[in-house]
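Okay, thanks everyone for coming. I'll just put the structure up and walk you through a few spots in it.

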Amino acid sequence: MPREQRRKSGDDWYRYALALEASQEGFWDWDLVADRLWCSKRWRSITGLEHDGAGLSAWMERVHPHDKPRFEAELRAARVGKTKAIRNEHRIRHEDGAWRWVLARGVVGEDAKGQVTHLAGSLTDHTASRLADPLTGLPNRLFLVDYLERRLERGRQRGDWDFAVLALALDRFERVNETLGSSAGDRLLMEAAERLQAMLPEGSVAARLNGAEFLVCLDAVRTEAEPVRLAGELMAAFREPLAWRGHRITARLAIGAAKADATCCHPEELMSDAENALTHAKQDEPPGVVFYSRGMREKALERLEMEADLERAIRSGELTLFYQPEVDLHTNRIIGFEALVRWRHPRRGLLAPAEFIPLAEETGLILPLGDWGMAEACRQMVAWQKSGHAELEGARMSVNLSARQFERADLVERVRQVLEETGVGPGRLRLEVTESSLIADAASALRTMRALSELGVGLHMDDFGVGYSSLNYLQQYPFDTLKIDRSFVQGMVRDRESWQIVKTILDLARSLGMDVVAEGIEDLEQLEELKRMGCPCGQGYYFARPMEPATIDVLVRSGGWQSGQAVPAMA
Ligand code: C2E
Ligand code: MG
Ligand code: MG
């Protein structure tokens with residue numbers, strides 16, 4: 001009906017018609033008796049369907065298979081009079097091939113006898129809000145999955161696999177959030193999104209995932225060199241700091257890349273390949289760009305499995321502590337033990353810390369693991385104190401702390417609790433930290449160290465010499481012992497530089513009034529040289545490998561240590 005004509009009629013219908021047109025909603029009316037679906041022009045543009053006179057099936061055919069059962073159930077309930085209205089969000093395949101998110105709302109219409117004859121209502125296009133990340137305005141993961149699905153389809157049809165997926169992560173994002181607050185974190189993400197979009201070549205699509213991760217689909221990529229070059233440019237662009245309320249925030253970018261090929265079936269595969277590569281890229285220092293390689297997926301699966309296994313292992317007692325004696329080099333007497341964790345894996349046998357500590361650190365499982373380890377080592381010490389054996393009674397116990405444990409706010413309280421619960425005197429416990437624990441947050445590390453020292457707990461700087469070995473740390477922090485890293489001890493007999501480093505550390509410790517333990521003494525030559533240089537204490541395979549407590553008991557009781565002779569190294 002022409003507008004002028006309707007206006008003349010001057011009734012409510014006209015007002016309704018205008019309001020509906022302005023609302024951007026699509027309208028539909030399903031005549032249940034005749035099974036005919038009437039749809040407004042806007043409905044047709046949302047769905048892309050030409051629809052005059054068709055039945056409801058034309059709509060249903062386009063609904064995403066995942067969403068269809070619920071939508072059908074709602075329609076059925078309304079149709080048989082169980083409900084008076086429907087409200088259903090679902091995806092519908094547009095004529096152009098893309099999925100659109102729509103919200104369908106409807107109410108039932110009844111005839112004079114109360115029979116349901118119509119179901120009519122509106123259809124709203126939610127695609128933009130469903131598929132966009134509200135903070136950065138970039139598309140979200142859902143959108144990218146859909147996009148990649150279509151890109152893969154094109155690959156299959158035309159044999160065109162010239163595209164790649166990049167996974168990008170900003171480091172320091174969490175720290176920015178923690179230290180400057182989430183609005184600084186948000187600002188960083190928005191800025192990152194802008195830089196990213198500005199630099200991507202035409203035809204690429206960027207999406208934001210959770211946190212500070214982004215995914216990009218790059219088109220027209222024929223070789224690995226192209227995404228690597230782009231990744232390099234992106235990383236360079238991100239070196240420029242962002243100014244925020246007087247702070248200069250620098251976040252670095254790590255990038256994982258995966259190129260599509262004819263074996264790719266699902267978007268998730270490509271995305272997880274790129275994300276696996278990203279995990280590797282993040283481990284580089286500074287973070288870099290890594291291309292997905294075969295084998296990464298297997299490794300990632302193995303890791304997932306390990307993670308679940310480790311969680312169980314901590315709860316079910318598969319972890320155990322071995323103890324390696326620390327020895328007075330001049331008397332050969334045991335002065336203490338270092339507790340070293342092992343995992344009795346049900347399938348893989350006895351695992352060394354290098355095989356699971358990094359995973360425990362990444363996943364946060366190091367916290368329960370560390371709690372358990374400290375308590376267990378203290379329990380063992382109490383058992384030795386009561387053993388009635390002079391060699392064990394006076395021994396002290398060294399426990400390794402990882403950086404993650406060191407960062408936690410309640411560490412001091414936990415140590416205090418363990419001491420109280422097990423009845424170990426604080427002077428008997430030594431905590432070993434490496435320099436990397438101090439670097440993360442120097443001010444809070446200093447507070448923690450001072451509080452631990454006030455408790456009376458000893459503090460060892462582990463692996464000394466391999467990190468920054470800043471004299472500043474030694475002066476500021478209340479360390480009482482330096483442990484010379486075993487690489488120098490093992491090199492010192494043959495290589496002048498290592499010898500010089502050992503010498504310097506010994507001099508340094510002497511002038512600062514600190515104890516020294518040389519790690520990794522493997523043979524008599526090393527031992528003799530260390531003694532000549534005045535090194536007071538050491539540990540190493542020459543004396544004993546890390547052992548189970550029962551083995552140590554047997555060894556001590558059989559007189560192996562009282563003889564004052566070095567015992568043969570034990571497995
Ligand atoms: P670390 O604290 O420096 O411990 C010394 C490592 O050197 C131990 O390796 C020990 O078995 C090894 N070692 C001792 N003497 C010799 C020797 O003569 N020759 C050689 N080649 N190696 C020797 P392990 O037990 O494999 O532990 C490796 C690292 O794992 C430890 O280094 C420590 O950083 C970490 N770690 C071990 N247990 C724990 C734990 O309970 N918690 C935490 N956070 N880290 C732990
Ligand atoms: Mg240690
Ligand atoms: Mg060490």
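So, what do the buried residues of H22 pack against? Going through the list, there's S18, then helix H20 (471–476), strand S19 (481–484) and helix H21 (486–491), and also S20 and H23. Keep in mind this is a predicted model. The buried residues themselves are Ser498, Trp499, Val502, Ile505, Leu506, Leu508 and Ala509. As for the helix, H22 covers residues 496–512, and its 17 residues at 1.5 Å a residue should span 24 Å. The end C-alpha atoms of H22 are 24 Å apart, so that agrees.

Right, on to the metals. Let me take the magnesium ion (ligand 3) to begin with. Its protein donors are Asp462 (OD), Asp463 (OD) and Glu519, with Glu519 listed for two OE entries, and they sit 2.0 to 2.6 Å from the ion. Along the chain, that gives you the spacing D-D-x55-E. Asp463 and Glu519 link distant parts of the chain, 56 residues apart: Asp463 is in strand S18 (residues 458–464), while Glu519 is in the loop between strand S20 (515–518) and helix H23 (524–532). And if you were looking at S18, S20 and H23 a minute ago, yes, those are on the list of what H22's buried residues pack against.

Buried or partly exposed, which is Glu519? Buried, because its relative accessible area is 11% and the cut-off for buried is under 20%. Asp463, on the other hand, comes in at 25%, so it counts as partly exposed.

Now the magnesium ion (ligand 2). Here the coordination comes from Glu338 (OE), Asn400 (OD1), Glu432 (OE) and Asp462 (OD), at 2.0 to 2.2 Å. In sequence those donors read E-x61-N-x31-E-x29-D. Asn400 is in strand S16 (residues 396–400) and Glu432 in strand S17 (residues 429–433), so this pair ties together parts that are 32 residues apart in sequence. On accessibility, Asn400 is partly exposed at 29%, whereas Glu432 is buried at 1%.

You'll have spotted that Asp462 came up twice. Asp462 bridges the magnesium ion (ligand 2) and the magnesium ion (ligand 3), and the two ions lie 3.9 Å apart.

Last thing, over at the other end of the numbering. Trp13, Tyr16 and Leu20 make a nonpolar patch on the surface, with about 400 Å² of accessible area together. Tyr16 lies in helix H2, residues 12–22.

That's what I had, happy to rotate anything for you.

Terms used. Residues numbered from 1 in each chain as written. Chains lettered and ligands numbered in written order. Predicted model: local features only at pLDDT ≥ 70, side-chain atom pairs only at ≥ 80, totals over all residues. Heavy atoms only, no water. Patch = residues over 30% accessible without salt bridge, like charges linked within 9 Å, V, L, I, M, F, W, Y side chains within 5 Å. Areas by Shrake-Rupley, 256 points an atom, 1.4 Å probe, with all protein chains shown as cover. Salt bridge = Lys/Arg side-chain N within 4 Å of Asp/Glu carboxyl O. Helix = DSSP H or I, 4+ residues; strand = E, 2+ residues; numbered from the N terminus. Donors = N, O, S within 2.8 Å, 3.2 Å for Na, K, Ca; no water. Buried < 20%, exposed > 50% of the residue type's maximum accessible area, 1.4 Å probe, protein only. Expected span 1.5 Å × (residues − 1). Contact = heavy atoms within 4.5 Å.
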